[in-house]
Amino acid sequence: MNDFLQHAHSIDTFLSRQRSHTEAGTAWKRTPTGKPSHSFYHGSAGVMVYYIELYLATDNTDYLSTAISAGDNLLAYVNQKASAEEFITIGFYSGWPGLVYTLTELFKVSHEPRFKNGAITALNRITAQASNIGAGIGWIEPIPFSDITGIIGTREVIDLSVGSAGVGIIYLYAYREGLLSDLELARKTADRLLEVAEPTEDGLRWLMMVDMAFPFTAPNFAHGGAGVGYFLADLYKETGDSRYLEAAISAADYVKSRSVVQQQGHLVCHNEEQQPPTLFYLGVCHGPAGTGRFMYLLYNITGDDDYFDWITANFLGLLSTGAPEQRCKGLWNNHGQCCGDAGIGDYALFLYHETSNQHYLDYALRTARELINTADSDQGLSWNMAEHRGRPEFVERQTGYMQGAAGIGSFMLHLATVLEHKPVKLLLPETPFSYTANGV
């Protein structure tokens, strides 16, 4: 057993202490002093994915049993909310789509039909919450981040993280996994996105929502055009409809125009309201680890080396900050999959797999060592960290995938199994990379 696999087991020790047993099955508290939650982002759905990965990496059926028990708890939640027709956000990581993904992945390893049926139930709830708007369909939701901005109301949400582009990606995933028989819903989602694109002299852009409620022009993956472009490019792969690829290429042109030269390479600004731009996130949400996925997908589709050259220079921009050992404004006290080290480390491993370039593996190793150095090892490995950059003093020891120990454990497992030449990583539907080992 290599050291990183041992660290992954130590994270399991921490997570096991946060387990709750209900009549329906297993759940995890979001924090040691909190209550169980269900989302992929913060809750049990994401933790369950980590236990599936542990099973795939070790063949230990105890981990599969834990995942199945968690799946039963999640299934009861989905069926209860669906029967009552309760509103759950269509946010890709925080709402119905993450539940579709998690239950489907559990079905694939357990072969228990109830989990596939639960995924279809969650998928149907997404569609039930849609509205016919303009050329296609869209979703009207409470304004995101009202707890931070104080701005309340509703808007049509369109980005990858909390809006229709993320729904489009889960529709594509559902089609590829046999949950949908055709691409009609994905096409309708895309056609509405084409309609609300904002043309600029640099290319097409999309914001977080139609009629933005507050100033926030983010060109990157989670809340900007890179995420929307990713969905459109991926849909082109299935349909051959040139409208989607042309829009995605235009979105990439816009993202490139927001690149800022660094000591080496370049980074894309977090938002355009700050001029001159000095804030550059490094993680999946707004940094190279997310936006690079979009450029890689376009490289994969078009064969144009300019996209991979951009990725290379973008990673050099990340390196020029001194990360992970040096923490810049865009890599604060956060080590998770969304905003921090774990997501960046996974991205480095993906690039290593695609290129065999040792410097990507070296960076992943540096990232893992930094994570170990910053961990609390009392009663298993865990991390006390700040989810929000704007609230660095508010730290929590979370369990979840996107903001907690499970996501960090997933990276540790990924690294451990890459070193053993048997990579294990459950790939999210917004990830263009691929593995063939161990059924992943």
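A residue counts as buried under 20% relative accessible area, as exposed over 50%, and as partly exposed in between. By that scale Arg243, at 39% relative accessibility, is partly exposed, because 39% falls between the two limits. The structure described here is a predicted model.

## Salt bridges

Side chains of opposite charge can pair when their charged atoms come close. In the whole structure, the search finds 23 salt bridges. Three of these pairs are set out below.

| Pair | Closest N to O distance | Relative accessibility |
|---|---|---|
| Lys81 and Glu86 | 3.0 Å | Lys81 18%, Glu86 30% |
| Glu105 and Lys108 | 3.1 Å | Glu105 8%, Lys108 36% |
| Arg243 and Asp241 | 3.0 Å | Arg243 39%, Asp241 15% |

In the pair formed by Lys81 and Glu86, the closest N and O atoms are 3.0 Å apart. Lys81 is buried because its relative accessible area, 18%, is under the 20% limit. Glu86 has 30% relative accessibility and so counts as partly exposed.

The bridge between Glu105 and Lys108 lies within one element: both residues belong to helix 4 (residues 96-110). They are 3 residues apart, about one turn of that helix. Glu105 counts as buried because its relative accessibility is 8%, whereas Lys108, with a relative accessible area of 36%, is partly exposed.

Asp241 bridges to Arg243 at 3.0 Å, N to O. With 15% relative accessibility, Asp241 counts as buried. This pair is part of a network of salt bridges that links Arg187, Asp191, Asp241 and Arg243.

## Two helices of 15 residues

Helix 2 covers residues 44-58. At 1.5 Å a residue its 15 residues should span 21 Å, and the C-alpha atoms at its ends are 21 Å apart, so the expected and modelled spans agree. Helix 2 is mostly covered, with 13 of its 15 residues buried. Just after helix 2 comes Asp59, which takes a positive phi of about 65°.

Helix 11 (residues 288-302) also has 15 residues, and at 1.5 Å a residue it should span 21 Å. Its end C-alpha atoms are 20 Å apart, which agrees with that expectation. Of the 15 residues, 11 are buried, so helix 11 is largely enclosed by the rest of the structure. The buried residues of helix 11 include Pro288, Gly290, Arg293, Phe294, Tyr296 and Leu298. Among the elements that cover the buried residues of helix 11 are helix 9 (225-239), helix 10 (242-257) and strand 10 (266-268). Helix 12 (305-320) and helix 13 (341-355) are also included in that cover. Just after helix 11, Gly303 has a positive phi of about 70°.

## Cavities and the largest pocket

The whole structure contains 3 cavities of 30 Å³ or more. The largest cavity holds about 110 Å³ of space. Its lining consists of 13 residues, and those nearest its centre are Arg293, Gln337, Tyr401, Leu428 and Thr431. Arg293 is also one of the buried residues of helix 11. By residue class, the lining of the largest cavity has 7 nonpolar, 2 polar and 4 charged members.

The largest pocket contains about 1,400 Å³ of space. It is lined by 46 residues, with Phe145, Ile148, His223, Glu387 and His388 closest to its centre. Strand 5 (140-142) and helix 6 (146-149) each contribute at least two lining residues. Helix 6 gives the largest share of the pocket lining, 4 residues. The lining of the largest pocket comprises 25 nonpolar, 16 polar and 5 charged residues.

## The loop around Gln262

Gln262 sits in the loop between strand 9 (259-261) and strand 10. Although Gln262 and Ala313 are 51 residues apart in sequence, their C-alpha atoms are 9.7 Å apart in space. When residues up to four places away in sequence are not counted, Gln262 touches Leu267, Phe280, Gly317 and Ser320. Strand 10, at one end of this loop, is also among the elements covering the buried residues of helix 11.

Technical notes: Residues numbered from 1 in each chain as written. Predicted model: local features only at pLDDT ≥ 70, side-chain atom pairs only at ≥ 80, totals over all residues. Heavy atoms only, no water. 1 Å grid on protein atoms, 1.4 Å probe; cavity = no way out; pocket = protein on both sides within 12 Å on 5 of 7 lines; lining within 4 Å. Points joined across faces, edges and corners; volume = space filled by probe spheres on them. Nonpolar A, V, L, I, M, F, W, Y, C, P; charged D, E, K, R; others polar. Expected span 1.5 Å × (residues − 1). Buried < 20%, exposed > 50% of the residue type's maximum accessible area, 1.4 Å probe, protein only. Salt bridge = Lys/Arg side-chain N within 4 Å of Asp/Glu carboxyl O. Contact = heavy atoms within 4.5 Å.
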